[in-house]
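Open the model in your viewer and keep the selection panel at hand. This tour moves from enclosed spaces to open ones, then to a sheet.

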Amino acid sequence: GSCQGNSVERKIYIPLNKTAPCVRLLNATHQIGCQSSISGDTGVIHVVEKEDDLNWVLTDGPHPPYMVLLDGNLFNRKVMLQLKGTSRVSGLAVAVAKPNPPQGFSPGLKCPNDGFGVYSKDYGPEYAHCNQTVWNPVGSGLSYEDFDFPIFLLEDANETQVIKQCYQDHNVPRDGSGPEYPLCAMQLFSHMHAVTSTVTCMRRSSLQSTFSINPEIVCDPLLDYNVWSTLQPINSSGKVDPDKEVIMVASRIDSHSFFWNIAPGAESAVSSFVTHLAAAEALHKASDVHLLQRNIMFTFFQGETFDYIGSSRMVYDMEKDKFPLRLDNIHSFVELNQVALRNGTALWMHTDPVSRMNNSVEVQVRNLLDILSSSSMEGRVTLQEAGFSQPLPPSSFQRFLRARHIPGVVLTDHQTAFQNRYYQSMYDTPENIRIQYPEGLSPEETLEYVTDTAKSLADVATVVARALYRLAGGANNTSAIQADPKTVSRMLYGFMIKMNNSWFQSIIKPDLKGILGDVPQHYVAVSSPVNTTYLVQYVLANLTGTVVNLTKEECLNPEKTPNSEKEMYDYAWVQGSLDPNSTSRVPYCVRSTVHLSKALSPAFELRQWGSTEYSTWTESRWKEIRARIFLVASKELEIITLVVGIIILVFSLLATYFINAKADILFSIPRDPGAVAY
């Protein structure tokens, strides 16, 4: 039975296995993204490689609705709105543009996270809604549109070629007239369960959870964990003394693109958090860090792309005394934003002009800027002020400023608009930040190869580490504080090219082996912690922690071990490197000050699903996501087949009826002529 059915299906359909869908996301007021009908959407394939090809889809083609195979260079707002405005399109498959579109491509907003930063009608109204500086001028806002048909990304060039070949064989218009049947068609399944907004879907899910034994949840909040650690250990379950000052260093670890879980984020996220990790390592290696009068906290925020989920939650927890630190403990704030595309040696320091009108804040900001500037490395990294009258770029620091006037600076590679022309897109890849490897290297050699980008980011990390050391009260010469380009190279390779590498394998817990996929993506998602969070946690522990001589049992249960100071430290039993002479690993115990804290928007904690203060992003649930191509017959042939089938059915029913009615005559047993009746 099932084996035969399967083989028939395989003869009819060619499944497309390497695809990424556009899914539906919702906030307090809108739904964005795409979906198919409940049974999937089907259409005749038409390849669109130049704008003129659109006419066939929009007006001329005789076989609507069409499934458009769109060249990546045409995947822009103008074309998409044309396709959105017609009923002749049933779906879209997008081929990746090779090389990256030269004019840039960003489906994000021109003013990212607008309305959730510090600037509003009550605070710096002249800077609100990017009035002063449009940060992402290439932004088309495509990711924030709502499409009522499915859109899939074709990740595999071979599958794209199979579709094009099927189109060439069956669908190419002959001499201006329509092609003959059978035609090559595509079917896309991506039906979404949630509709309208977060308010609606969370209410429905909540009602289901209350009254149903088997609740059907329709959407989930975007959530994960922030990663944080301190230079000097603090009691993670207690409270830091009010008079203890802490310098907060921050960067984001998530990105986004038009397609679900395609978020390479090379410049928008990876460049900053890798630099941040390298600076943390450089500082921990300094000999006198335990003597510094101020502590330093390294913080990696998740979900920042979606209206500052991670930073708004940490501020909320600090205000509600649910975090070891309070806002009052923060002496100053240094944030690393996009830093890989520097023009020449310049690294720009952005500050908030509104809080600087306060004299005491101005004095502290000035001191911060002076220390950073004087930490510049001649001929390699020069820190420059972006301009007093310019607002802060989109940054986690803005969420802290909303709560309190904290002196702070945001470091970027752009003075005004982003240098990154592929912000929040699938093209924000290693190539975008100019990472190149020589031909013919093995994976192990590639992991260790020091690229120019790694050297450049190590220079930035060195400058930041030296400035932080001086900010924390360090008086010694800072020339010994140096970030390691080799470590930066390994991190760039692991976070952008191949997660499943020998270094990452050696620094994680044995039970987390499964998280090491191949191509890294940095989307915050709804199941947590995501791979990025785990890896940032264990890389930070590896770079800043110490190896302690504990057995596996002692390491896994430090509360039973004397002098373990469980409240001050985190202990992790990691699988270690492969023994050179065998296939077994040499595990060990790492003690660090690395912790996780929740990155779930306070809106969901407070059940304020229509909040304008906090992020309200949710992701719809779905049943299945798949794509396939097959040959479709003409409507006439389908109707003829149906009619002939009905005629045969009626005929067989009539034949059965008459045979049944005359059964006694047709099937009676004839008498034996030799039998005699007495």
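A cavity is a set of grid points where a 1.4 Å probe fits but cannot get out, and its lining residues have an atom within 4 Å of a point. Keep in mind that this is a predicted model.

**Stop 1: the second largest cavity**

Select L25, H256, S257, F258 and F259. Of the 15 lining residues of the second largest cavity, these lie nearest its centre. The space amounts to about 120 Å³. What classes of residue line the second largest cavity? There are 10 nonpolar and five polar residues, and no charged ones. Colour by domain next. Domain 1 (14–105 + 140–192 + 624–636) and domain 2 (223–545 + 593–600) each supply at least three residues to this lining.

**Stop 2: the largest cavity**

The structure has seven cavities of 30 Å³ or more. For the largest, select C111, D114, Y119, C130 and Q398, which lie nearest the centre among 21 lining residues. Its volume is about 160 Å³. The lining holds 14 nonpolar residues, six polar and one charged.

**Stop 3: the second largest pocket**

Keep D114 selected. Add N27, F116, D307 and W617. These five lie nearest the centre of the second largest pocket, which has 19 lining residues. The pocket holds about 400 Å³. Its lining counts 10 polar, seven nonpolar and two charged residues. Domain 1 and domain 2 each give at least three of them.

**Stop 4: the largest pocket**

Move on to the largest pocket, with about 820 Å³ of space. Select E155, I262, M426, V519 and Q521, the closest to its centre of 25 lining residues. Which strand gives the most to this lining? Select residues 19–21: strand β2 contributes three residues. By class, the lining has 16 nonpolar, five polar and four charged residues. Here too, domain 1 and domain 2 each provide at least three residues.

**Stop 5: a three-stranded sheet**

Switch to cartoon view. Three strands make an open, antiparallel sheet in the order β19-β21-β20. Select 546–548 and 570–574 to see the edge strands, β19 and β20, each paired on one side only. From one strand to the next, the twist averages 40°. Now add β21, residues 588–592, which is joined to β20 by five bridges. Pick D570 and find its bridge partner in β21, S592. Finish with helix α14, residues 531–544, which packs on the sheet and touches β19, β20 and β21. The helix direction makes about 90° with that of β21.

Conventions
Residues are numbered from 1 along each chain as its sequence is written. This is a predicted model: local features need pLDDT of at least 70, side-chain atom pairs count only at pLDDT 80 or more; totals for chains, interfaces and linings use all residues. Side-chain values use heavy atoms; hydrogens and water are left out. On a 1 Å grid over the protein atoms alone, a cavity is a set of points where a 1.4 Å probe fits but cannot get out, and a pocket is an open set with protein on both sides within 12 Å along at least five of seven lines; lining residues have an atom within 4 Å of a point. Grid points are joined across faces, edges and corners, and a volume is the space filled by probe spheres set on the points. Helices (H or I, at least four residues) and strands (E, at least two) are DSSP runs, numbered from the N terminus. Ala, Val, Leu, Ile, Met, Phe, Trp, Tyr, Cys and Pro count as nonpolar, Asp, Glu, Lys and Arg as charged, and the others, Gly among them, as polar. Domain bounds come from an automatic or database domain assignment. Two strands pair if DSSP finds at least two bridges between them. Axes are lines fitted to C-alpha atoms, for helices over the stretch in contact, and angles run from 0 to 180 degrees between N-to-C directions. Contact means heavy atoms within 4.5 Å.
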